[in-house]
Every structure is written in structure tokens, then in C-alpha cells.
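Trainee: I would like to work through this model with you, beginning with the ligand and then turning to the sheet.

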Amino acid sequence: MKFLSTREKNQNFVNSAEAIKEGLAPDGGLYLPESIPTLSLDEICALADIPYSDRAAKILSLFLTDYDKDLLTEDCRDAYSEERFPGGPAPLYSLPCGTEVLELWHGPTCAFKDMALQIMPKLLSRALTITGEKRKALILVATSGDTGKAALEGYRDVDGTGILVFYPVDGVSKVQKLQMQTQAGENVSVCAIRGNFDDAQNGVKQIFADEKTAAELNEKGIFLSSANSINFGRLAPQIVYYISAYADMVKKSAIKAGDKINVCVPTGNFGNIFAAYIAKEMGLPIDRLVCASNSNNILTDFIETGVYDRNRKFHTTISPSMDILISSNLERLLSLICGPEKTAAYMKDLKETGKYSVSSEELAKIKESFSGYFCSEKETAEVIKNTYEKDGYLIDTHTAVGLGCVKKYISETGDNKKMLLASTASPYKFSQDVLASLGIDVPADGLDALGVLSENTNTEIPRPLAELKGKAVRFDTTVDREEMTATVLSFK
Ligand SMILES: *Cc1c(COP(=O)(O)O)cnc(C)c1O
């Protein structure tokens, strides 16, 4: 399978190992496979009889054709082991209303990003071998909290890689800070910077663009690489769980083989929901994809009007991982629907004016698959409270946005096909906002909030969060933004 950029038509193709090693195409576009492989209904249903790791290896091997299949299986078995995902990587929970909740947060950092970031570092490590790369890949990450920790857990002690994470010293929660400061692993480093998330991100971007730093690192046998969701290596593992969930739903008789389902995804960067779209294009019987947003409802407007306009107020919400005004992965959908030339033009418009609009034919094609809804902060809190009080099921703020949108979609359309909802984080990851939504007094300390949530709801604190209390801090350096380059150069 060859990969090509979302933006350029007559270009050099790369193989999957190169696409994963490079992350971004040379023209600034994102990599897409030249064609989308298909699966028959029988092949999909047969997945129910094998473990998740083998389902993942099977599906990934359709895209990563230059990878050795046995090594891929080995890597997936390690990435999705019982030790890393107690109880299984992607279990289903049935709500009384009929919605099936796909719990994607049983991994080491309690959010769905683990589903990709546990396997992607291994895919990169293999890519270095496949492409004959002798240098070490140093992963640089600027984080507002969740991605940094998930990347640290994924890359720790992976051959041929190192990882350095920068976070704003006062810009992450206490739990998030402790999660990073206590990180284990021989090839990891974490550094706070004086400034906010934008400072951290801009600093990292500058380092990536700085040729002098690249040359100095090159002399030491190091090149820089990134872990964010524009890399196809992060997207591909997300396709797996939608197909896996369908097989499981048939097995437990929630649906019959061949029945169409709808899928709702709490969305920020459009990576997770785009993976569901690829699954649909591969032949998974999905009818509609419901794109759920919080008050940063730029995607709801886009799906409604065809106009993508980031010139709007940015809202800080209780579902912070969806507080995004530029959904990078939307570019991949545009490329499939509008073609590379128009995609390049739209991206140019976005860069220059903060805005672009697709044609009415293109919008009609998008609407064939996608519906967009959003929930306000108040609605999100009410969904958490109602779902807990009526159904006895505790959900986090992001999943609550999704469930609120499921309810809006069903009441507006009357569509009663089976709904699959992606649940993207453990409620414990956002304990304070979950407590506030339930109307329970919120302790000021994030670690205390874990205990209060557990006592009040009779649920268990996930082990990785419960263990934070006794862990020793390994990384407590704080530097000025100007010192970030020096920090990178001194990475060992
Ligand atoms: C990252 C994240 C999202 C958004 O996913 P995208 O792939 O960026 O659309 C939703 N919920 C949680 C908890 C996340 O961490």
C-alpha cells in the first residue's frame, strides 16, 4: 500500500513505514493511503473469535503492507496486553436506552489516546528498521496535559526512540502534573516551562523548524519526530476498535450481522471520527456518523452550512480535549471528498483568512455520512447527572457531550438504528467537573477529588490514578521558554 499527501496530485508516493516516520508530507499535507482496503461481513464477524490484539494486527496489516505480519502481531499483543489494559482494551457497556458505549479508556492513562499511543511508538520503531534509519527518533511534545502523558507511556523504553515532553508550569491540573513528573522509563524526560500552553507549543514548533538545532542533533545521531494525531500511525489503530465493536455487538446479539449502526464520537481534532469514517469505507455497516462538539461548535456549523470559520470566540469548557478550533484531520475527509487540489486551496484559505467554504455538491457528500450536534456546558453537566442517577452509569465530561448529542440526534430524526457511542475518558480523569455536575462538593485538590468521587458513586479509582499518591517525583525542572532548545540539545 502506498501513501500520498492530501494536497498534491502528481507526487511521489511513500510506503507506510516512510509515512509513519515522516508524519507530515513534504508539501504540508497529511498522508492518506492511495486506496481504502475492504473487509467482507464474514471477515468482520470472524474477528469476534480472536483477541483484540490479533484483530488489531489483522486490520493494521491491510494498511501497513511493508511491515512484517508476525512482528505486527507481536507488537499488538504487547501493546494491548491485559497488563496495559486490564479487562480488555475496548469493552462495550449497554445503556438502558439501547445505546452501546464503547469504553476506550482502560489503558495506562485512562483516556482513548492510549488506544493509538500504545502501539504507534512500536510502529515508528519498526519503521526506522524498515527504512534503514540509523539515527534515534527524539519525540518532542508540547502538551496541555493528556497527550503528553499518553505519549510518555507509549514511548517509554521503545527501541530507537526517546521522548521529551514540555508542559506549561501552571497550565495543567495537579493530577496531570503528577502523572508526568512520576513517569517511569529510561528514555523519557519531562520539563515544565514558564508560560502557557501556546508558549510551549510555539517553542516546540520553532525547534522543529530550526535547521541549526537539527544539524547539531544529527551529529549526535538524533532526529526529531512528533507524536500528534496528524500521523497516520496514530489514525490507523483507531480504525480497529470500530470494527472490533461491531463484531462484539453481533456476538452478543445487540445487532444481527449486516445490520447498519450509527456511530457518535465526541470530537476535537476530527481524528477519532475520521477513523470511524474509514471503517465505514472499508465496508463496516455504518449508516450515520454523529459528530459531537462542545460549545466550540465549529464542526457543527461546518456540517450544517459548508463554511468552516475559525474567526470566533474560543471557549474553555469542562471537556477541554475538545476545545479546538482547527480540526487538523478534517483535511483528510476533504481530500477524499473534494480531491487534493481543492483541499490545498481550502487549506490556503484557512491559513490566510481563517475560513473556507466547500461547494454545495461537496457539502451534500459530507452530509451523506455526517450529522453534527453540540452540547452546552449546562447540558453536558445534566447528562452526567441524569445518566448516573437514572442509569447508574458514571461518564466523563467528553463522553457526556457525546451522549447528549446522541439524544438530540435520535429525538430530531427518530432514527432508531443501534447507536455506538465512543467513550473517550474515564470519569476519574475529570473528577472535579464530574463531581460538580453531580452536585457534590468539590475538593480543591485534584487528588482528593478521586477519593470523593469513589466514595460517592461506589466506583473504583482506576489503578494508574490511584497509584499516583505514593509515587516519587522524577522530573521537577522548570525552564524559561528561551531555554527549551538547550533542553532539547542536552537530551540523553
Ligand atoms: C483527544 C480527545 C478527544 C478528541 O478526539 P479527536 O480525535 O481529537 O477528535 C475527545 N475526548 C477525549 C477525552 C480526548 O482526550
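Trainee: How many residues surround the ligand?
Mentor: This is a predicted model, and a residue is counted here if one of its heavy atoms lies within 4 Å of the ligand. The closest residues are K113, G268, N269, N272 and T424, and the number that surround the ligand is 14.

Trainee: How many residues of the shell around the ligand are nonpolar, polar and charged?
Mentor: Glycine is placed among the polar residues in this classification, which bears on how G268, one of the closest residues, is counted. By class, the shell around the ligand has 1 charged residue, 8 polar residues and, for the nonpolar class, 5.

Trainee: Which residue has a polar side-chain atom 2.5 Å from an oxygen atom of the ligand?
Mentor: Two contacts involve the backbone instead, since a polar backbone atom of F270 is 3.1 Å from a ligand oxygen atom, and one of G271 is 3.3 Å from a ligand oxygen atom. The protein covers 96% of the 380 Å² of accessible area that the ligand has on its own. The side-chain atom at 2.5 Å belongs to K113.

Trainee: Which strands are the edge strands of the open sheet?
Mentor: The sheet has 3 strands with antiparallel pairing, in the order β2-β1-β3. An edge strand pairs on one side only, and this holds for β2 (14–15) and β3 (31–33).

Trainee: Which residue in β3 stands opposite L4?
Mentor: Strand β1, residues 2–5, pairs with β3 in the antiparallel sense over 3 bridges. Within β3, the residue that stands opposite L4 is L32.

Note on methods
Residues are numbered from 1 along each chain as its sequence is written. This is a predicted model: local features need pLDDT of at least 70, side-chain atom pairs count only at pLDDT 80 or more; totals for chains, interfaces and linings use all residues. Side-chain values use heavy atoms; hydrogens and water are left out. Two strands pair if DSSP finds at least two bridges between them. Helices (H or I, at least four residues) and strands (E, at least two) are DSSP runs, numbered from the N terminus. A polar contact is a pair of N or O atoms within 3.5 Å; within protein, one must be able to donate a hydrogen and the other to accept it, and residues adjacent in sequence count only if both atoms are side-chain atoms. Accessible areas come from the Shrake-Rupley method with a 1.4 Å probe; for residues, only the protein chains shown count as cover.
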